[in-house]
Amino acid sequence: MASIQRLRPAARRTLQVKTCTACRAASSQQRAFSVFDRPPPNYEGHVPLTRIERASLAIGSGVMSLINPYRHDLIAALGEATATPYFIYRLRDAMLADATGRRILRDRPRISSKTLSMAALRALPAGSVGRAYVDWLDREGVTPDTRSAVRYIDDEECAYVMQRYRECHDFFHAVTGLPVVKEGEVALKAFEFANTLLPMTGLSMLAVTTMKKQERGRFWAIYLPWAVRNGLRSKEVINVYWEEQLERSVDDLRRELGIEQPPDLRDIRAKERAERRKLAKQAA
């Protein structure tokens, strides 16, 4: 298995727009247009947006995804609308600065049930990355085929970077062990924000306001500190070539990335439910 190259430290993940040459170049190449003079798409499925359309998409998808955080299409739209003009270029530059990231950009791998054999992953030894991934998919009842195609990012290479981030999201879940319940998603989004700086991941943390009191307390006391600490200190997870890590020990990969597992959220919630049932039975 290919080793993951050492990435830039968290201190260099700063919002220095002046140093984002790709961002300046892309901005200079774009011309203003209206809905009546829309340019042709840059790739299959691409929809060029005016600034007003992009702002409207960001606001609308942001509000609606807060109301219904399980609308993945809205979260995807929010991610694309807020990723430009800077943040997705910063993430692309992080890949270009890393040997493994450059290979990913060159190879353009995709993650789906067509490119990964679920049966083969289930046959891997317990404790391997691939087995942890498929076990997480089975436990949570999800598949790798639910990720929307990128449509609203103009630069074709940056569109792939966003698609790659989106398709790797379940690997982040598997490595951290966080479930798809709202608590787990918000905790993982906090980790992703500290690690990738994508605005959507930070905005998603507003969903904490819709949690129950006990869940909010747990997020502030346990999972947010974990997310910030691990997201900042770990290597940039966008540069992991997951397809080459499937047979590797998931514990070894965590150590190399600098990620510690948070407390098992499903176990905590199960114990709380059991305690509530016990108290209800005693009160009856």
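Helices, and strands where there are any, are taken here as DSSP runs, with at least four residues for a helix and at least two for a strand, numbered from the N terminus.

**Figure 1. Overall view of the predicted model, an arrangement of helices without strands.** In this predicted model, the secondary structure comes to 13 helices and 0 strands, and read from the N terminus the elements run α-α-α-α-α-α-α-α-α-α-α-α-α. The protein has 284 residues, of which 49% count as buried. Among contacts with a separation of 6 or more, 73% are between residues 24 or more positions apart. The accessible surface comes to about 14200 Å², and carbon and sulfur atoms account for 57% of that area.

**Figure 2. Close-up of the annotated binding site, with His169, Asp170, His173 and Glu185.** These four residues are covered by the annotation "binding site", which comes from an unreviewed UniProt entry. Although they are spread over 17 residues of sequence, they cluster in space, the largest C-alpha distance being 10.5 Å. His173 belongs to helix H8, which spans residues 156-176, whereas Glu185 belongs to helix H9, which spans residues 182-196.

**Figure 3. Close-up of the surroundings of His173 and Glu185, two residues in contact with each other.** Histidine 173 has a relative accessibility of 0% and therefore counts as buried. Apart from residues up to four places away in sequence, His173 touches Trp136, Leu178, Pro179, Val180, Gly184, Glu185 and Leu188. Glutamate 185, at 18% relative accessibility, also counts as buried, because the cut-off for that class is under 20%. When neighbours within four places in sequence are left aside, the contacts of Glu185 are His169, His173, Pro179 and Val180. Of these, His169 and His173 are themselves covered by the "binding site" annotation.

**Figure 4. Close-up of the cis peptide bond between Thr84 and Pro85.** Most peptide bonds are trans. The bond that joins threonine 84 and proline 85, however, is cis, with omega at about 15°. Proline 85 is placed in the loop between helix H3 (72-83) and helix H4 (87-96).

**Figure 5. Close-up views of Arg108 and Leu197, each with a positive phi.** Most residues other than glycine have a negative phi. Arginine 108 has a positive phi, near 55°, and is not a glycine; this residue lies in the loop between helix H5 (99-107) and helix H6 (118-122). With a relative accessibility of 29%, Arg108 counts as partly exposed. Leucine 197, likewise a residue other than glycine, has a positive phi of about 70°, and its place is in the loop between H9 and helix H10 (199-203). At 14% relative accessibility, Leu197 counts as buried.

**Figure 6. Close-up of a nonpolar patch on the surface, formed by Ile59, Val63, Met64 and Ile67.** Together, the four residues of this patch have about 410 Å² of accessible area. One of them, methionine 64, is found in helix H2, which covers residues 51-67. The relative accessible area of Met64 is 41%, so that this residue is classed as partly exposed, a class that lies between the limits of 20% and 50%.

Conventions
Residues numbered from 1 in each chain as written. Predicted model: local features only at pLDDT ≥ 70, side-chain atom pairs only at ≥ 80, totals over all residues. Heavy atoms only, no water. UniProt positions renumbered as here; feature names shortened; annotations may be inferred. Buried < 20%, exposed > 50% of the residue type's maximum accessible area, 1.4 Å probe, protein only. Contact = heavy atoms within 4.5 Å. Patch = residues over 30% accessible without salt bridge, like charges linked within 9 Å, V, L, I, M, F, W, Y side chains within 5 Å. Areas by Shrake-Rupley, 256 points an atom, 1.4 Å probe, with all protein chains shown as cover. Salt bridge = Lys/Arg side-chain N within 4 Å of Asp/Glu carboxyl O.
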